[in-house]
Amino acid sequence: MASHHEQPTLSSLSEDGRSSGEIGPEHQPLIDEVHSSESYSASAAIFPFLFPALGGLLYGYDIGATSCATISIKSATLSGVSWYDLSSVEIGLITSGSLYGALIGSILAFNIADFLGRRRELITASIMYLVGALVTAFAPNLVVMVIGRFVYGIGIGLAMHSAPMYIAETAPSQIRGVLISLKECFIVLGMVAGYGIGSLLVETVSGWRYMYGASTPLSVIMGIGMWWLPASPRWLLLCAIQGKGNMQELKETAICCLCQLRGRAIGDSASQEVDEILTELSYVGEEKEVTLGELFQGKCLKAMIIGVGLVLFQQITGQPSVLYYAASILQSAGFSAASDATRVSILLGLLKLIMTGVAVVAVDRLGRRPLLLGGVSGMVISLFLLGSYYLFLDDLAVIAVLALLLYVGCYQLSFGPIGWLMISEIFPLRLRGRGISVAVLVNFGANALVTFAFSPLEAWLGAGILFYVFGVIAVLSLIFIFFVVPETKGLTLEEIEARCL
């Protein structure tokens with residue numbers, strides 16, 4: 001990267017004296033006009049999506065593999081260790097170790113993301129994945145195993161922070177929604193792979209070691225792939241207008257990176273596209289680094305409300321809790337596979353995969369808001385049906401099964417992929433690193449809180465009332481989406497900042 005000694009001179013950045021983020025009507029030619037379609041090669045767009053998406057796949061794999069690994073490690077005959085007699089707290093440490101590591105990874109991302117850049121953060125995440133998986137797989141005792149889970153979790157936090165940013169900033173606007181939603185598909189695919197590989201190895205001596213070790217080849221591929229890919233052109237241009245390097249050198253580097261990302265189809269238009277991005281960034285006030293106080297002011301505050309609100313509602317509408325009841329609901333309906341948690345998980349994982357695929361196809365055609373409003377409406381119906389089943393309709397197991405499938409399908413049509421898509425789009429560029437780190441931190445924190453509070457709340461309220469509570473929260477999320485969340489379909493990231501915030 002270029003040296004940081006030379007301050008760029010863009011007299012047009014603030015010569016009218018406006019404050020950062022304000023957009024005067026006389027300074028909006030690019031934003032007010034319909035932007036031209038970005039030229040790109042479909043084949044060239046594959047790798048800039050694929051290697052970051054492996055970070056999501058490795059996250060999903062950990063969820064699936066851990067559900068089977070905890071069964072393996074508790075077995076006196078199959079664990080292959082002398083410390084198999086683990087308490088519920090110790091099993092909880094194994095299960096949640098990666099979650100707490102992800103929380104730490106999100107906090108680290110807040111401070112280092114804009115310094116490292118999206119590409120180097122993903123390389124760091126792949127290293128954490130590799131080290132964490134190896135330490136866990138070869139752990140001689142519980143303490144080392146938990147440390148390995150924690151390190152792997154740091155990789156999750158970094159990857160879930162940087163992957164949507166890199167994809168959003170490098171993808172053409174015409175297919176940005178498809179690609180970021182497809183990343184959610186990779187998370188679900190990883191879960192299904194984890195359940196599948198875990199079920200194959202669960203009867204093997206020391207099978208849990210192989211389950212965790214199986215993720216190492218993908219982490220290596222992810223790291224090598226990200227090393228080969230270029231940096232995000234938008235991040236380079238942000239560095240340029242903020243005076244963190246030589247303007248001309250960073251601009252030329254951004255042009256080269258854009259050519260590599262878009263392939264031959266971009267032709268000679270890369271320089272023009274970089275100029276347009278640079279001009280739009282200056283018009284929307286990206287020339288100054290965001291301060292901690294600015295996170296809660298003006299358009300930064302609006303972006304925080306939208307992004308954090310979406311990921312918070314994503315977790316507190318009961319997703320972990322509904323899945324917790326999946327096996328018992330299917331068992332009550334007479335499904336023979338219901339007694340086998342692994343098979344139930346694979347079944348639901350396949351449904352999640354199919355519905356995420358539907359969202360991928362529809363997101364850039366229908367838009368973000370219709371999928372959110374329609375999917376969350378289905379979640380509301382399913383949660384009230386589940387509550388009614390446990391309170392009044394316990395002899396109609398078919399209602400519970402249909403409600404369960406409706407919930408899982410609608411979640412994957414809405415909050416699952418669209419939540420991650422929106423947080424990658426909605427934050428202004430200079431806020432994006434810190435904003436997404438806050439959103440990811442809230443996501444994992446709310447997940448941990450809901451998972452922790454579920455059992456005591458169930459004992460206090462009962463399952464029926466608890467599902468009603470989740471239903472009311474889902475109604476509140478519908479109101480939030482309708483009045484607060486904008487439509488971003490078809491807009492460039494700079495246009496989203498100018499028009500929606």
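In the predicted model, nine salt bridges are counted in total. One of them is formed by Glu 169 and Arg 118, whose closest N and O atoms are 2.8 Å apart. This pair connects distant parts of the chain, since Glu 169 belongs to helix H5 (residues 142–170) and Arg 118 to helix H4 (residues 118–137), with 51 residues separating the two in sequence. Both partners fall below the 20% limit for burial: Glu 169 is buried because its relative accessibility is 2%, and Arg 118 is likewise buried, with a relative accessible area of 1%.

Two further salt bridges involve helices H10 and H11. In one, Asp 275 pairs with Lys 251, the closest N and O atoms lying 2.6 Å apart; because Asp 275 is located in helix H11 (residues 270–283) and Lys 251 in helix H10 (residues 247–262), this contact ties together parts of the chain that are 24 residues apart in sequence. The two side chains are classed differently in their accessibility, as Asp 275 counts as partly exposed at 30%, whereas Lys 251, at 19%, counts as buried.

In the other, the side chains of Arg 262 and Glu 273 meet with an N to O distance of 2.8 Å. Here Arg 262 is contributed by helix H10 and Glu 273 by helix H11, the two residues being eleven positions apart, and both Arg 262 and Glu 273 are buried. Beyond these pairs, Arg 176, Asp 364, Arg 368 and Glu 425 are joined into one network through salt bridges that share partners.

Key
Residues are numbered from 1 along each chain as its sequence is written. This is a predicted model: local features need pLDDT of at least 70, side-chain atom pairs count only at pLDDT 80 or more; totals for chains, interfaces and linings use all residues. Side-chain values use heavy atoms; hydrogens and water are left out. A salt bridge is a side-chain nitrogen of Lys or Arg within 4 Å of a carboxyl oxygen of Asp or Glu. Helices (H or I, at least four residues) and strands (E, at least two) are DSSP runs, numbered from the N terminus. Buried means under 20% relative accessible area, exposed over 50%, partly exposed in between (1.4 Å probe, protein chains only).
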